[in-house]
Amino acid sequence: MQPSGRDEAGEVVEGVAEDAAEEVRRRIAAESGDVEAMSVLGAMLLRRGDLDGAEPYLRAATAAGDRAAANNLGVLLHQRGYADDAAGWWRVAAVAGSAAAAHALGRHHRERGDEPAAEYWLRQSAEQGHALGAYALADLLEHRGDAGAERWMRSAAERGHREAAYRLARRLDRRAGGETETGTDGGAAVLEEAEQWYRQASARGHRRAALHLGAILEKRGELKEAGRWYLTSAKDGEARAACALGFLLRDAGDTESAAVWWLRAAQDGDGNAANALGALHAERGEPQTAERWYRAAMDAGDDNGAYNLGLLCAEQGRTAQAEQWYRRAAYAGHREAANALAILLLQGGDATGAEPWFSKAAEAGSVDAAFNLGILFAGRGEDTVALRWYERAAGAGHTEAALQVGIARLRDGDESGAERYLRCAAGGGSAEAAYRLATVLDARRPPVPAHELGETVHEKSECEEWYERAASLGHRRAQVRVGMLAAARGDVVEAARWYREAAEAGSRNGAFNLGLLLAREGSEPEAAVWWTRAADAGHGRAALRLALVYARRGELAEGQRWADRAVALGPAEVAERAARLRDALRQELSA
């Protein structure tokens, strides 16, 4: 005799594997009065669905005191719709020690709403080591919020119950997430145990367990194994796994295969997959197909569909439709849609209508909306309120918001606070933040000894490293400053490179300094070219240098013209020197 079930949640029939020869032997033995043979033959016929054939054998074996037959007779009567009669025979078998019958009786009482009786019989079954009984008891206790549920869920899982293994894994997974967020020790160990239970359930064919196992492996970077479990789950009909497999394939560069799995998931009602298909067709320049999939995502209950439709319409210049879809998603609680709607309203000149949507998005956690609120209030001159929103966005890692807070701190004289925010923004890739951080550090630097041009010194300070970071990101003032520091170290080549890069990007100071460098190296004609560019951009010192160059060449009229330009451009000391030179040139010309 061996217990075997049709499914984990259903009734259990105690019997043996069916075999034609075995059935003949059992039938002969049963006809001769063998109680065990009657019981086993009845179980065989019951499992085959031959209720009429099974019943007399089961009743005969039950009358002879066979508890397995009593349990199976209960199953037979339950299948015929005689639930109360079935419960009577299950009670007989359970009292006789049948764990399967105790489980069935417990479930019967739970269906009737008699939880105390259900718990009693399920506990009897579970304590005898019955996996289904342990699972049903755990489910009952979990429904009541009883802390003892986990013990029995674990017991069922250890006995091979795949749904118990999955639910235990989910419980541990959620606990590990909470412990990670609160910084409690042991979160990693709990997650590791959850993974093992996911593996056990997945190996037994639980498709949702395979999905979650794939997600854990993907997060850990084990993409190949993650893909295998996603594939297993997807083939078993789990739409979310098919969607996740699609993203994995897309990230690997196989968009065609990704589209196949997204299509399968979307057809099974996965809104995320429908959105992914919409985005894919939008990238391919197929807006009509993209719109169809975005609408399918909406029909699946995914608010991203409306948001993406808004983005699609906005890209096509269909502002009214974009606003309509943004509103739909925003009213459903989509924070980025609320932010996009506010931007649309602001662009249309409706700042009053934009503000509440920015606020709603920011309160829902949109970092961009918090930053945009900062811009909105700063534009109104409400700097205190603006700073509060900038700080909120900066706290969530918004680079430009951190820069604005850093600038505000510098303005208020809080250099240490400014440095903290500028470091965050600079680390996030802001060229302006890197430059401003460098200037803060530069102001603290002790004076360094001067070096002759051509005398290379390799040491670089932290401020120079930040200047270089900003310069490499295209910040023109940083490029000029890096050139000046390189020149101070005696590195002429490096200085010229940065000056030239700044000058070519439109920096008049870069052009002027490059001219100085070239002049010192004896290339005055080339220097004059860069000074001309700087002077044309409004650099007074460059104009004065050009006036001196032309005066030395004897081109007095041209020199006087540039001197006039230098007087007009300034600053004061330059204007004063240029005026003296202009007057001298004028006298020379009139002599």
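# Questions on a predicted protein model

The model is predicted, and the protein chain is divided into domain 1 (160-178 + 186-268) and domain 2 (540-590).

User: What distance separates the centres of domain 1 and domain 2?
Analyst: Domain 1 is made up of 160-178 and 186-268, while domain 2 covers 540-590. Taken over C-alpha atoms, the centres of these two domains are separated by 77 Å.

User: How many helices and how many strands does the protein chain have?
Analyst: The secondary structure of the protein chain consists of helices and strands. One of the helices is H2, at residues 35-48, and another is H34, at 572-590. The totals are 34 helices and two strands.

User: Why is the protein chain described as more spread out than a compact globule, and what is its radius of gyration?
Analyst: For 591 residues the globule rule gives 25 Å. The radius of gyration of the protein chain is well over that value, so the chain is more spread out than a compact globule. Along the principal axes, its C-alpha atoms fill a box of roughly 150 × 55 × 45 Å. The radius of gyration itself is 40 Å.

User: What share of the residues of the protein chain count as buried?
Analyst: A residue counts as buried when its relative accessible area is under 20%. The protein chain exposes about 28,400 Å², of which carbon and sulfur atoms supply 48%. Of its 591 residues, the share that count as buried is 50%.

User: How far apart are the mean positions of the positive and negative charges?
Analyst: The protein chain has 75 positive and 90 negative charges. The mean position of each group is taken, and the two positions are apart by 2 Å.

User: Is Met 153 buried or exposed?
Analyst: Met 153 has its place in helix H9 (residues 149-158). Leaving aside residues up to four places away in sequence, it touches Tyr 135, Ala 138, Asp 139, Glu 142, Ala 164, Arg 167 and Leu 168. Its relative accessibility is 2%. Since the cut-off is under 20%, Met 153 counts as buried.

User: What is the C-alpha distance between Met 153 and Tyr 135?
Analyst: Tyr 135 is among the residues that Met 153 touches. The two are 18 residues apart in sequence, and their C-alpha atoms are apart in space by 5.5 Å.

User: Which helix holds Leu 132?
Analyst: Leu 132 counts as buried, at 12% relative accessibility. Its C-alpha atom is separated by 9.9 Å from that of Met 153, 21 residues apart along the chain. The helix in which Leu 132 is found is H8.

User: Which residues does Glu 291 touch, not counting residues up to four places away in sequence?
Analyst: Glu 291 lies in helix H17 (residues 287-299). With a relative accessible area of 18%, it is buried. The residues it touches are Leu 309, Leu 312 and Arg 318.

User: What is the relative accessible area of Thr 319?
Analyst: Thr 319 lies in helix H19 (residues 319-331). Thr 319 and Leu 376 are 57 residues apart in sequence and 21 Å apart in space, C-alpha to C-alpha. Thr 319 is partly exposed, and its relative accessible area is 44%.

User: Which two residues are joined by a cis peptide bond?
Analyst: Most peptide bonds are trans. In this model there is a cis peptide bond with omega of about 5°. One partner has its place in the loop between helix H33 (556-569) and helix H34 (572-590). The two residues joined are Gly 570 and Pro 571.

Terms used:
Residues are numbered from 1 along each chain as its sequence is written. This is a predicted model: local features need pLDDT of at least 70, side-chain atom pairs count only at pLDDT 80 or more; totals for chains, interfaces and linings use all residues. Side-chain values use heavy atoms; hydrogens and water are left out. Helices (H or I, at least four residues) and strands (E, at least two) are DSSP runs, numbered from the N terminus. The radius of gyration is taken over C-alpha atoms; the globule rule is 2.2 Å times the number of residues to the power 0.38. Buried means under 20% relative accessible area, exposed over 50%, partly exposed in between (1.4 Å probe, protein chains only). Accessible areas come from the Shrake-Rupley method with a 1.4 Å probe; for residues, only the protein chains shown count as cover. Lys and Arg count as positive and Asp and Glu as negative; His and the chain ends are not counted. The place of a charge is taken as NZ of Lys, CZ of Arg, CG of Asp or CD of Glu. Domain bounds come from an automatic or database domain assignment. Contact means heavy atoms within 4.5 Å.
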